[in-house]
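Take a look at the protein below. Some questions and answers follow.

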Amino acid sequence: MIIEDAASESGTQETAKERSERTIAECYLRGFNTKEITINEALENAGCGCGTFFYTTGPFLFCASVGSNMALLAIIGPILKCEWGLSSFYLSILNPANYIMYVILAFITSTLGDKIGRKPMVLIGAVGMTLTGILSSFDYGYWFFFVLSLFMGVFQGFGLAPAVVLSGEIPPIKYRALALSGNSLAFGVGVFVTGPIAYYTLESYGWEGTVLATTLAFSPCILFLAFADESPRYQHQKGNVTNAEKSIKQIYKLNRNKDLNFKLRDRVESFQGSNEPKSYSFREVAKIIRNSDNVRNTLLLVIIGFVSYVMYVLYAYSVPRIINEGYCTDLVSTLTPKCTYDKSSLLNIELITIAEPIGVLISLFALEKFGRIKVFLAAGIGSTVLITALYFCVHPNFLTAWLFLIYPLVATMGLAPLILVSELMPTTIRSTMASLQNAVDQVGCTLALFIADYILTYREGGRLTFAIIQVFSLVFGVCVAMMKRETQGSELRNA
């Protein structure tokens, strides 16, 4: 009424649209109709839609490319051994090379994701991995390929942990565990997609064509990362409230959420209060952990992450070669060495690896419905029990079906460190702790690759691999059972 009276007194004539726009503008200036909300409330109200999908696709494809790289080396490793005349030793150090560099880089760059941002780290990693993959498709001999494997590990170390954190900070808090679990799904997708690529390119274009096609298949992650904004939570944490608000409103628009009349509160929120520093050194991170009630859970997380990644890499890396080269009849029997994969073996590998993304999707719903502890504990016990059947000599068809059943359980155990780190750590140190956790996990990956290559390359039998996986499954289950129950809801407090 005041606005209409002012307009009539001035003698001017306004259209309904002009009057509406002037009303909104004046109300905004007076503080009317503008909600001042927290960063959590803003992202919670955003919901999930095309905007959430757009912002998380880049990290998803990055994680998929890491999984694909492991599966690719498992497939072309025996081919390279025959083509280049490699000894078993040189083949056994080829695959762990990039994981060793990843561990080193993860420790060096672990705090960079909390200092310079998530997006720059992932983008550097994506560009570097793509260029390295393209160069790896040229046949210049073993040492050229080996050096490029080292560089591949460097760029994985730059981007993997920030990619996991970035994908978890975009969705609403209630979907964070789902989003972080999606990164494990990305690994499974990467492993699964590598099979069809090898199926259609290996025979016609050789291993070089397979490497190039696999690299290009995941290169679009560069475009998604280039056009997406930085994590709004990270921008807000660093004091860039205007940019954070702009990024969130962009997500709103892509999600078709029209509730854009809000303003972010100009303060940093965390579970320890608004006066905490915006980033932490290693000493401060260690102090926070020591002074908290989560010391026990942090130590258990380290063990859980280590054993779950050992199991996953042992399984994902060994299964293709066991299917291709034959299954042992006793603990240390000799497998049949092959220099390539026939299409029948590749098809069976596809049937097994498709179980991982399917199983992870089922696990995501189970985690939300039944809780973290129950699902992870069931996965550990189930894997331990099912692997027992593989101590016996089994028919190849039974082996394929049984490996299909075990794969989802192994993948589900791999979700544990991703979800629990996000629930325990605040925004200020989340990337740092994720990087350190990933570094520990990659130590497990490197160890697993050495174990797998020793067992398979030296032809000492496939069942020994499953025996090791069974022991680690049991350790995983015990550690999960020891986790403190009250921390499972902490993601709502520690956002």
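**Contacts, helices and one buried serine**

Of the contacts in the protein with a separation of 6 or more (contact means heavy atoms within 4.5 Å), 83% join residues 24 or more positions apart. This is a predicted model, where local features need pLDDT of at least 70, side-chain atom pairs count only at pLDDT 80 or more, and totals for chains, interfaces and linings use all residues. Residues are numbered from 1 along each chain as its sequence is written, and side-chain values use heavy atoms, with hydrogens and water left out.

Q: How many helices are there in the protein?
A: Helices (H or I, at least four residues) and strands (E, at least two) are DSSP runs, numbered from the N terminus. Beside two strands, the protein has helices numbering 22.

Q: What share of the residues of the protein count as buried?
A: Buried means under 20% relative accessible area, exposed over 50%, partly exposed in between (1.4 Å probe, protein chains only). The protein has 495 residues, and the buried share is 58%.

Q: How far apart are the end C-alpha atoms of α19?
A: The expected span of a helix is 1.5 Å times one less than its number of residues. For the 18 residues of α19, that gives 26 Å. The value agrees, because the end C-alpha atoms are apart by 26 Å.

Q: At roughly what angle do the axes of helix α16 and helix α19 cross?
A: Axes are lines fitted to C-alpha atoms, for helices over the stretch in contact, and angles run from 0 to 180 degrees between N-to-C directions. Helix α16 covers residues 343–353 and helix α19 covers residues 396–413. Their axes come within 8 Å and cross at roughly 35°.

Q: Which residues of α19 make the contact with α16?
A: On the α16 side stand Asn-348, Leu-351, Ile-352 and Thr-353. Facing them from α19 are Thr-400, Leu-403, Phe-404 and Tyr-407.

Q: Is Ser-473 buried or exposed?
A: Ser-473 sits in helix α22 (residues 463–481). Its relative accessible area is 0%, so Ser-473 is buried.

Q: Which residues does Ser-473 touch, not counting residues up to four places away in sequence?
A: Helix α18 (residues 372–387) has Gly-380, Ser-383 and Thr-384 among its buried residues. Met-413 is one of the buried residues in α19. Ser-473 touches these four and one other, giving the list Met-311, Gly-380, Ser-383, Thr-384 and Met-413.

Q: How many disulfides does the structure hold?
A: A disulfide is a pair of cysteine sulfur atoms within 2.5 Å. The structure's count is zero.
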